[in-house]
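Student: I have a model open and I'd like to practise reading it feature by feature. Could you take me through it?

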Amino acid sequence: MNTHHPITIVGAGLGGLTLARVLHTHGIEAAVFDLEADRRARTQGGMLDIHTYNGQIALRTAGLYDGFRALVHSGGEATRVLDKHATSHWEEPDDGTGDRPEVDRGQLRDLLLDSIPASTVRWGHKVTAARPLADGRHEITFADGATHTTDLLIGADGAWSRVRPLVSDARPTYTGISFIETNLLDAAVRHPESLAVVGGGALFALQENKGFFAHHQTDGSLHIYTALRIAEDWLDTIDFTDTEAAKAAVVAQFAGWDDSLTSLLATSDTALVPRKINALPIGHRWDRVPGVTLLGDAAHVMSPFAGEGANLAMLDGAELGAALAEHEGDIEKALAVYEDALFRRSEEKAQESAEGLELCFSENPIDELLSIFTASPADSA
């Protein structure tokens, strides 16, 4: 079976959905293909801090700012910094005046999904290949062998994008950092000691090239990333199907750390999810290729240590949608305008992310972390 749509977006993440929403507000239809079976096929991860200078701009462009504000996690910007002994070095409450309000990623995605016609996203369509046709058109092939053609193909399909090879040979490489993702459910009842350590917002417990990042979720759970600077193949040596053995293997890397911190992983209520942190080269860009472009992680996947990934993806989607609406009838002009801004901002933020990684993963990162948290707005700029 072969289908055709003038504008095709591969990937129903935050960036692809923001693009579809902005196009919809301008009366322009897009077809979004996603590999998941439906919108509830998996959980969507933890909390996101949405920045005034990119993520919030995207939501205003999409006409969803008020809906976003209704989702903000009151208290979610509270922050504390601990060392390996669980000694507090910094704590700041959320007084409601911060410029990086926290929202649940899943709720934000639902806001975007509910803002476009239900028929926009075609679930259960895993793209396995993409190839150019004549006159700037492209064809994508799905796992079931069906194909789809389009006049404009947008890869919003993440770090291992199937669309990226149409414009670039670059592939993400390992940053030296591995995460293990876990959750403590109903923390107030089941894990009060862990809730006391994490607090009402975000926890940074870092030292010796490793540590714990955690956040108190809107549903009362704690979402935790155990992080280590370690060899790329280390996660491959652990059998994560044996949860208890996997916990023991990871906790063994934290000898000498306070039990209140290691228990964030050791008492997990959910299976451990290993994640190698990869990134594209800083300054990744490509020559203009007719009829195709990228956004979000497909264009500029970076480490999470500047908190920019989701924000950039949404701004990418918003700006691409606005450019296509402004230059309707001249796709190449729209793509040229969009990519020029994309390359400049993504290079800047990728550099910040790489520097953030080095700051967090050193023998003694506490002082440098505090210098960031205590900086004045002018110093931060």
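Student: Let's start with Leu108. Which residues is Leu108 in contact with, leaving aside its neighbours within four places in sequence?

Tutor: Bear in mind that this is a predicted model. Leu108 is in contact with Leu14, Leu48, Ile50, Leu59, Leu71, Val103 and Met314, once neighbours within four places in sequence are set aside.

Student: Where does that put it in the wider picture? Which residues touch the most other members of the largest nonpolar core?

Tutor: Leu108 is one of them, along with Ile9, Ile50, Ile154 and Leu320. That core has 60 residues. Helix α10, residues 309–326, supplies the largest share of it, seven residues.

Student: And what does the second, separate core include?

Tutor: That one has 27 residues, with Tyr174, Ile180, Ala246 and Val250 among them. Hold on to Val250, please; we'll meet it again.

Student: Now strands. What's the general idea for pairing?

Tutor: Strands of a sheet pair through backbone hydrogen bonds, and they do so either parallel or antiparallel. For a parallel case here, look at β1 (residues 2–10) and β10 (residues 147–155), which are joined by eight bridges. Ile9 has Ile154 in β10 as its bridge partner, and both names also appear on the list of residues touching the most other members of the largest core.

Student: How many bridges does β1 make with β2?

Tutor: Three, again in the parallel sense, with β2 covering residues 31–33. Val10 is matched there with Phe33 of β2.

Student: Phe33 caught my eye around Arg122 too. What is Arg122 in contact with, beyond four places in sequence?

Tutor: With Phe33, yes, and also with His5, Ala31, Val32 and Asp34. Arg122 itself sits in strand β7, residues 121–122. Its relative accessible area is 30%, so it is partly exposed. For a sense of scale, the C-alpha atoms of Arg122 and Ala231 are separated by 39 Å, with the two positions 109 residues apart along the chain.

Student: Next, the open sheet of seven strands. What is its order?

Tutor: Read across, it goes β5-β4-β12-β13-β14-β11-β15, and the pairing is mixed. At the edges stand β5 (88–92) and β15 (273–279); each has a single partner strand, so one side of each has no neighbour in the sheet. From one strand to the next, the twist averages 15°.

Student: Is there an antiparallel pair I can zoom in on?

Tutor: Try β12 (residues 202–207) and β13 (residues 210–216), which pair in the antiparallel sense over six bridges. Ala205 stands opposite Phe212 of β13.

Student: What should I look for in the loops?

Tutor: Phi is a handy check, because most residues other than glycine have a negative value. In the loop between β12 and β13 you'll find Asn209, whose phi is positive, near 65°. Ala86 also has a positive phi, near 65°, and belongs to the loop between β4 (79–82) and β5.

Student: Buried or partly exposed: how do Asn209 and Ala86 come out?

Tutor: The cut-off for buried is under 20% relative accessible area. Asn209, at 18%, therefore counts as buried. Ala86, at 26%, is partly exposed.

Student: And a charged side chain, say Asp110: what does it touch?

Tutor: Arg39 and Arg40, not counting residues up to four places away in sequence. Asp110 is placed in helix α4, residues 105–113, and at 18% relative accessibility it counts as buried.

Student: Last topic, helix packing. At what angle do α7 and α8 pack?

Tutor: About 145°, with the axes 9 Å apart; α7 is residues 243–251 and α8 is residues 259–266. The crossing of α7 past α8 is right-handed. On the α7 side the contact uses Lys247, Val250 and Val251, and on the α8 side Thr262, Leu265 and Ala266. By class, that makes four nonpolar, one polar and one charged. There's Val250 again, the residue included in the second core.

Student: What about Val251 on its own: what does it touch?

Tutor: Val251 touches Thr262, Leu265 and Ala266, not counting residues up to four places away in sequence. It is partly exposed, with a relative accessible area of 26%. Its C-alpha atom is separated by 52 Å from that of Glu332, 81 residues apart along the chain.

Note on methods. Residues numbered from 1 in each chain as written. Predicted model: local features only at pLDDT ≥ 70, side-chain atom pairs only at ≥ 80, totals over all residues. Heavy atoms only, no water. Axes fitted to C-alpha atoms, helices over the stretch in contact; angles between N-to-C directions. Helix = DSSP H or I, 4+ residues; strand = E, 2+ residues; numbered from the N terminus. Left-handed = near helix turned anticlockwise from the far one by under 90°. Contact = heavy atoms within 4.5 Å. Nonpolar A, V, L, I, M, F, W, Y, C, P; charged D, E, K, R; others polar. Core = buried A, V, L, I, M, F, W, Y, C linked by side-chain atoms within 4.5 Å. Buried < 20%, exposed > 50% of the residue type's maximum accessible area, 1.4 Å probe, protein only. Pairing = 2+ DSSP bridges.
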